[in-house]
Amino acid sequence: LTLGFAHPTEQQMSEAMEGAAGAIPISAAGQILLRSIHPELYSDLGLLLLFLGIVVGLHFLYYEVAMLWKPVNRPIYMQLWLAMVASFFSGLGLFFLYAWAGLYS
């Protein structure tokens with residue numbers, strides 16, 4: 001039973017493994033951001049930003065559950081603001097953690 005998925009060839013597997021072993025090229029804006037911060041701080045900054053993103057995301061979830069009982073008083077702007085801030089901090093934190101791990105070149 002194959003569920004309609006084709007098995008990759010050996011050449012496709014070797015190409016995928018070669019691509020996975022190398023670092024991912026980064027955009028010019030990302031390089032400027034990484035150059036402005038000392039590389040030894042990538043892990044600390046990444047963990048801090050990821051932690052802030054998780055805290056804001058948990059606050060967003062708490063806010064959503066608390067507002068289930070008062071749907072009339074639930075403004076969309078507060079929801080969007082919390083979601084954007086949580087996404088920004090989490091994404092930037094992961095960016096620095098990936099740079100620290102050597103995923104970006």
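Phe96 is buried, with a relative accessibility of 1%. This is a predicted model. Phe96 lies in helix 4 and pairs with Tyr42 of helix 3. The points below cover the aromatic residues, helix 3 and Gln79.

**Aromatic pairs**
- The structure holds five aromatic pairs.
- One of them joins Tyr42 and Phe96, with ring centres 5.8 Å apart and planes at 45°, a tilted arrangement.
- That pair links distant parts of the chain, as Tyr42 and Phe96 are 54 residues apart.
- Tyr42 has 9% relative accessibility, so it counts as buried, the cut-off being under 20%.
- Tyr98 and Tyr104 form an edge-to-face pair: 6.2 Å centre to centre, with 75° between the planes.
- Tyr98 is partly exposed at 37% relative accessible area.
- Tyr104 is also partly exposed, at 24%.
- Tyr42, Phe95, Phe96, Tyr98 and Tyr104 make up one aromatic cluster.

**Helix 3**
- Helix 3 covers residues 42-66, which is 25 residues.
- Its end C-alpha atoms are 36 Å apart, and this agrees with the 36 Å expected at 1.5 Å a residue.
- Its buried residues include Tyr42, Leu49, Val56, Tyr63 and Glu64.
- Gly46, Gly53 and Gly57 are also among the buried residues of helix 3.
- The buried residues of helix 3 pack against helix 2 (28-35) and helix 4.

**Gln79**
- Gln79 sits in helix 4, which runs over residues 76-101.
- Gln79 has a relative accessible area of 14%, so it is buried.
- Leaving aside residues up to four places away in sequence, Gln79 touches Phe60, Tyr63, Glu64 and Arg74.
- Of these contacts, Tyr63 and Glu64 are among the buried residues of helix 3.

Notes: Residues are numbered from 1 along each chain as its sequence is written. This is a predicted model: local features need pLDDT of at least 70, side-chain atom pairs count only at pLDDT 80 or more; totals for chains, interfaces and linings use all residues. Side-chain values use heavy atoms; hydrogens and water are left out. Helices (H or I, at least four residues) and strands (E, at least two) are DSSP runs, numbered from the N terminus. Buried means under 20% relative accessible area, exposed over 50%, partly exposed in between (1.4 Å probe, protein chains only). Contact means heavy atoms within 4.5 Å. The expected span of a helix is 1.5 Å times one less than its number of residues. Rings of Phe, Tyr and Trp (its six-membered ring) pair if their centres lie within 6.5 Å; planes under 30 degrees apart count as stacked, over 60 as edge-to-face and the rest as tilted.
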